[in-house]
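Subject: Structure handover

Hi,

Here is the structure for your next round of work. My notes on what turned up follow below it.

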Amino acid sequence: MTRGRFITFEGGEGAGKSTQVLRLVARLESAGHEVVKTREPGGSPGAESIRDLVLRGAADRWSPVTETLLMYAARRDHIERVIRPALSRGAWVVCDRFADSTRAYQGAAGGTAPGLIAALETFVLEDIKPDLTLVFDLPVDIGLARAHARAGAEMRFESKGAAFHERLREGFRAIAEAEPERCALIDASGGMDEVEGEVWRAVSDRLTIHG
Ligand SMILES: Nc1ncnc2c1ncn2[C@@H]1O[C@H](COP(=O)(O)OP(=O)(O)OP(=O)(O)O)[C@@H](O)[C@H]1O
Ligand SMILES: [Mg+2]
């Protein structure tokens with residue numbers, strides 16, 4: 001059995017990631033692939049419990065370093081229980097946020113030392129690396145307006161200031177620029193169908209789809 005493919009969606013608040021994850025999963029399933037749709041923080045029962053700690057409450061509830069460690073505790077559980085087993089049996093894994101969100105939120109925007117994040121990537125991710133990462137890029141004000149329109153309890157990062165979200169956007173753009181083989185920068189400012197087309201082009205250009 002060949003290893004499955006691992007696709008991650010990344011980008012700031014309200015960029016349209018979760019909307020497009022659903023559409024991509026539907027397309028891959030129609031092409032005959034077994035697809036596991038999952039998300040971070042979370043994706044396994046233990047990691048979902050950590051998600052509640054990280055995404056709820058006051059903006060300053062955790063320091064950036066503490067947040068980094070919580071994210072990596074959650075990520076390790078998610079990898080052990082969901083991602084690695086799925087890839088091993090040949091399924092495609094489509095994940096709404098992954099390790100680049102830690103680089104951008106806790107690193108570029110939050111100020112956690114890049115060396116700590118790099119060390120966690122080495123020892124916690126081991127060989128788990130996305131085959132393709134779709135980096136959704138959108139002006140900060142548009143993303144926050146979209147996110148506010150669908151407000152819920154998970155508002156901790158949305159409640160951080162505009163400067164935080166500008167650093168976040170730059171952080172994601174820098175990741176896409178530094179790793180062009182893994183990452184495709186997606187212009188997320190268009191309508192949902194337009195963005196869906198852009199995502200599908202990136203996936204079908206870079207990965208081999210059945211059928
Ligand atoms: N291309 C689009 N144009 C306009 N509105 C959109 C578009 N894509 C998604 N939306 C809407 O914007 C809101 C945020 O979208 P979505 O939840 O998919 O973003 P997200 O990137 O997953 O956000 P978060 O990072 O906060 O999880 C939703 O209400 C969604 O319906
Ligand atoms: Mg989402």
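This is a predicted model. I start with helix α4, residues 99–109. Of its 11 residues, 9 are buried, so the helix is largely enclosed by the rest of the structure. The buried ones are A99, D100, S101, T102, A104, Y105, Q106, G107 and A109. Their cover includes strands β1 and β4. Helices α3 (64–88), α5 (114–125) and α7 (162–178) are also among the elements that cover them. Just past the end of α4, G111 has a positive phi of about 95 degrees.

**Around the ligand**

Ligand 1 has 15 residues around it. K17, S18, T19, R97 and G190 come nearest. Three polar approaches to ligand oxygens are worth listing:

- The side chain of K17 places an N or O atom 2.6 Å from an oxygen of ligand 1.
- A polar backbone atom of G16 is 2.9 Å from a ligand oxygen.
- A polar backbone atom of A15 is 3.1 Å from a ligand oxygen.

How much of ligand 1 does the protein cover? On its own, the ligand has 630 Å² of accessible area, and the protein covers 77% of that.

Two of the nearest residues deserve a closer look. S18 sits in helix α1. S18 has 44% relative accessibility, so it counts as partly exposed. R97 is in the loop between β3 (92–96) and α4. R97 is buried, at a relative accessible area of 13%. Its phi is near 75 degrees, which is positive although R97 is not a glycine.

**The annotated binding site**

An unreviewed UniProt entry carries a "binding site" annotation. That annotation covers G11, G12, E13, G14, A15, G16, K17 and S18. From this set, G11, G12, E13, G14 and A15 help line the largest cavity.

G14 lies in the loop that links β1 (6–11) to α1 (17–30). Its relative accessibility is 15%, so G14 counts as buried. Beyond its sequence neighbours up to four places away, G14 touches L138, G143, R146 and A147.

The same UniProt entry type, unreviewed, gives "domain: Thymidylate kinase-like" at residues 9–197. Over that span the chain is 56% helix and 13% strand. The C-alpha atoms at its two ends are 15 Å apart.

**T133 in strand β4**

β4 is one of the elements that cover α4. T133 belongs to this strand, which runs over residues 132–137. Is T133 buried or exposed? Its relative accessibility is 0%, so T133 is buried. The side chains of T133 and R182 share a polar contact of 2.8 Å. Leaving out neighbours within four places in sequence, T133 is in contact with T8, E10, D100, R182, C183 and A184. One of these, D100, is also among the buried residues of α4.

**V35 in strand β2**

V35 lies in β2, residues 35–39. V35 counts as buried because its relative accessibility is 13%, and the cut-off for buried is under 20%. Apart from residues up to four places away in sequence, V35 touches V25, L28, E29, W92 and V94. G46 is a useful reference point further along. V35 and G46 are 11 residues apart in sequence, and their C-alpha atoms are 21 Å apart in space.

**Backbone details to keep in mind**

Which peptide bond is cis? The bond from E40 to P41 is, with omega near -15 degrees. P41 falls in the loop between β2 and α2 (45–55).

E126 is another residue other than glycine with a positive phi, near 50 degrees. E126 is in the loop between α5 and β4.

**In brief**

For the ligand, begin with the K17 side chain at 2.6 Å and the backbone approaches from G16 and A15. For the interior, look at α4, with 9 of 11 residues buried, and at T133 with its polar contact to R182. For the backbone, check the cis bond before P41 and the positive phi values of R97 and E126.

Best wishes

Notes: Residues numbered from 1 in each chain as written. Chains lettered and ligands numbered in written order. Predicted model: local features only at pLDDT ≥ 70, side-chain atom pairs only at ≥ 80, totals over all residues. Heavy atoms only, no water. Helix = DSSP H or I, 4+ residues; strand = E, 2+ residues; numbered from the N terminus. Buried < 20%, exposed > 50% of the residue type's maximum accessible area, 1.4 Å probe, protein only. Polar contact = N/O pair within 3.5 Å; in protein donor to acceptor, adjacent residues only side chain to side chain. Contact = heavy atoms within 4.5 Å. UniProt positions renumbered as here; feature names shortened; annotations may be inferred. 1 Å grid on protein atoms, 1.4 Å probe; cavity = no way out; pocket = protein on both sides within 12 Å on 5 of 7 lines; lining within 4 Å. Near = heavy atom within 4 Å. Areas by Shrake-Rupley, 256 points an atom, 1.4 Å probe, with all protein chains shown as cover.
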